[in-house]
Amino acid sequence: ADQPAELARLVFEILADGEKAPAEAVQLQATGFGEDLERLNSSIFVEAFSRGELNASGENLHGGNRFGTRSSTVIVFDRNHRFVRWFESGEEIEAFELQT
């Protein structure tokens, strides 16, 4: 089995968790943006959203910025074989041997 690839797959599964904090959660991160935005940012993976007033299609009426998780990266270091594998969004990007 390809252990580094399997490890990366499991970590990406965790990083893709979009579950928000429950409504009864009393302690959200105090960002200063208000409870509604703090709850949107309470998951590991944050779905893209716009700050500001939205129309019926979900588009920002005032051209505001979109926030959310843009990428996820996992780097697996194999100490026994001195090898590094880099995964981006579940795909292996690069693999190389560490130089001594």
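## Starting at a strand pair

Phe87 stands opposite Glu92 in strand 5. That pair is a handy place to enter this model, which is predicted rather than determined by experiment. Six bridges link strand 4, residues 83-88, with strand 5, and the two run antiparallel. Further along, Val84 has Phe96 of strand 5 as its bridge partner.

On to strand 3, then. Strand 3 and strand 4 are also antiparallel, and six bridges hold this pairing. Here Thr73 faces Glu88 of strand 4.

## The sheet as a whole

Put these pairings together and you have an open sheet of three strands in the order 3-4-5, with antiparallel pairing. Strand 3 and strand 5 (91-97) form its edges; each has a single partner strand, so one side of each is left without a neighbour in the sheet. From one strand to the next, the twist averages 15°. As general background, strands of a sheet pair through backbone hydrogen bonds, in either a parallel or an antiparallel way.

## The overall plan

Stepping back, the protein has two helices and five strands. Follow the sequence and the pattern reads α-α-β-β-β-β-β. Of its 100 residues, 17% count as buried. The protein exposes about 7,700 Å², and carbon and sulfur atoms supply 51% of that area.

How do contacts spread along the sequence? Among those between residues at least 6 apart in sequence, 27% join residues at least 24 apart.

## The nonpolar core

Phe87 turns up again in the largest nonpolar core, whose five residues are Ala8, Phe12, Val74, Val76 and Phe87. Helix 1 (3-15) and strand 3 (73-78) each supply at least two residues of this core.

Which residues does Ala8 touch, leaving aside those up to four places away in sequence? The answer is Val74 and Phe87. Both of these partners are themselves members of the core.

## Ile75 and Trp86

Two residues of the sheet deserve a closer look. Ile75 is found in strand 3, and Trp86 has its place in strand 4. Ile75 counts as partly exposed because its relative accessibility is 45%. Trp86, at 31% relative accessibility, likewise counts as partly exposed.

Leaving aside residues up to four places away in sequence, Ile75 touches Val84, Arg85 and Trp86. With the same kind of neighbours set aside, the contacts of Trp86 are Thr73, Val74, Ile75, Glu91, Glu92, Ile93 and Glu94.

Distances along the chain and in space tell another part of the story. Ile75 and Pro4 are 71 residues apart in sequence, yet their C-alpha atoms are 9.1 Å apart. For Trp86 and Thr73, the separation is 13 residues in sequence and 7.5 Å from C-alpha to C-alpha.

## Arg39 in helix 2

Is Arg39 buried or exposed? This residue of helix 2 (residues 35-40) is buried: its relative accessible area is 17%, and the buried class takes in values under 20%. Its side chain also has a polar partner, as one of its polar atoms lies 2.9 Å from the backbone oxygen of Pro22.

## Gly18 in the loop

Gly18 has its place in the loop between helix 1 and helix 2. With a relative accessible area of 35%, Gly18 is partly exposed. Not counting residues up to four places away in sequence, Gly18 touches Ser43 and Phe45.

Ser42 gives one more reference point for this loop residue: Gly18 and Ser42 are 24 residues apart in sequence, with 8.6 Å between their C-alpha atoms.

Conventions:
Residues numbered from 1 in each chain as written. Predicted model: local features only at pLDDT ≥ 70, side-chain atom pairs only at ≥ 80, totals over all residues. Heavy atoms only, no water. Core = buried A, V, L, I, M, F, W, Y, C linked by side-chain atoms within 4.5 Å. Buried < 20%, exposed > 50% of the residue type's maximum accessible area, 1.4 Å probe, protein only. Helix = DSSP H or I, 4+ residues; strand = E, 2+ residues; numbered from the N terminus. Contact = heavy atoms within 4.5 Å. Pairing = 2+ DSSP bridges. Axes fitted to C-alpha atoms, helices over the stretch in contact; angles between N-to-C directions. Areas by Shrake-Rupley, 256 points an atom, 1.4 Å probe, with all protein chains shown as cover. Polar contact = N/O pair within 3.5 Å; in protein donor to acceptor, adjacent residues only side chain to side chain.
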